[in-house]
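Colleague: I'm new to this one, so could you walk me through the charged pairs?
Modeller: Sure, have a look at it first.

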Amino acid sequence: MGLNAYNRFIEALSAAPGLGSLYKFDEKEKAVFDHVRYMISRTQTIFQWSGLPDSIPQRNLELLLQVNGYCGIAKVNDALYAFYGGLGGEPDAYYMPTIFTVSNPALNYSANLRIDTDCVIIPNDALYSGLMPLCYRYATLLSENELSMQIATVNSRIVSLISAPDDRTQKAAEKYLDDIANGAQGVIAENAFLDGIRVQPYSTAASMNNVKTLIELEQYLTSTWWQEVGINSNFNMKRERLSSDETSINENALLPLIDDMLHTRELACEKINAMFGTNISVSRSDAWQNVEEEAETIKESDTDLEENGGVEDESELETNV
């Protein structure tokens, strides 16, 4: 690519916001929000709805559920809508709310709706929590770790520390380093430069081990976050293959939250269909539906390996890890 073409490319990038700029890891709130936003984008595909009316897009329905923890379905102007509102009223026998308060400026609609009479509440999960507390927990830890990784990466460039006793020696040292950085041969003009500066080694094996530890923590947090939302993302701290029993324990921890979320949606679908005469249903999407089948395949593979002679050598194991 010629220089003129490269400059035009850079100009095109600068026309779009955010393109061509460095990511600021020290802006923690933005970094956390970015992690959460991308995870919520992925979790939009956990469930597949069918029979929804045009007035309730699946994307908006799942956003209301996953972000706010619940939503209410009510009919306005002969069309069903998913609303976010306040839960209150006199509690029932199990101390659950009985009134759903809605205020929607776009529809010019405000009402206090009786739950299970005028509207149906769809909880995201049994405790109406949504995914945001879970996402913010892991996003905060990941952002802190990534900031540490960025600082450690920058510090790894420092091979040694150079000190100078006076301004003249300092400028000579800076010019020497600039020449080296620019690809030119560094030239020392006088012996006073060598006699004046002091060089102390900075980079150590401990600092490199710190980077390795941060990378492992990044993998662990990412893997655990995915497992919380039902996707098997293995991270093995051991230097050996996991046994089928250990793999089974990991697989069994994948689905409870997704099962709970699916169950609350299915119960709500039954109420909506009975109240409004619809035919709405929900199921796991393909990626989450196949988790159990893929887990069973992994388990069978591990069992075959154990029957065929045991453990691979350590170098191959580290590659697999």
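**Charged pairs**

Modeller: Let's start with one pair: the side chains of lysine 28 and glutamate 144 form a salt bridge, 3.0 Å from N to O. A salt bridge here is a side-chain nitrogen of Lys or Arg within 4 Å of a carboxyl oxygen of Asp or Glu. Keep in mind that this is a predicted model, where local features need pLDDT of at least 70, side-chain atom pairs count only at pLDDT 80 or more, and totals for chains, interfaces and linings use all residues. Residues are numbered from 1 along each chain as its sequence is written, and side-chain values use heavy atoms, leaving out hydrogens and water.

Colleague: How many residues apart in sequence are the parts that lysine 28 and glutamate 144 tie together?
Modeller: Lysine 28 sits in helix α2 (residues 28–43) and glutamate 144 in helix α4 (residues 132–155). Helices are DSSP runs of H or I, at least four residues, numbered from the N terminus. So the pair links parts whose separation in sequence is 116 residues.

Colleague: Is aspartate 34 buried or exposed?
Modeller: Buried means under 20% relative accessible area, exposed over 50%, and partly exposed in between (1.4 Å probe, protein chains only). Aspartate 34 has a relative accessible area of 7%, so it counts as buried.

Colleague: Which residue is linked with Asp34 and Arg37 in a network of salt bridges?
Modeller: Arginine 37 and aspartate 34 meet in a salt bridge of 3.0 Å, N to O. Both lie in helix α2, three residues apart, about one turn of the helix. The network's other member is Lys30.

Methods:
Helices (H or I, at least four residues) and strands (E, at least two) are DSSP runs, numbered from the N terminus.
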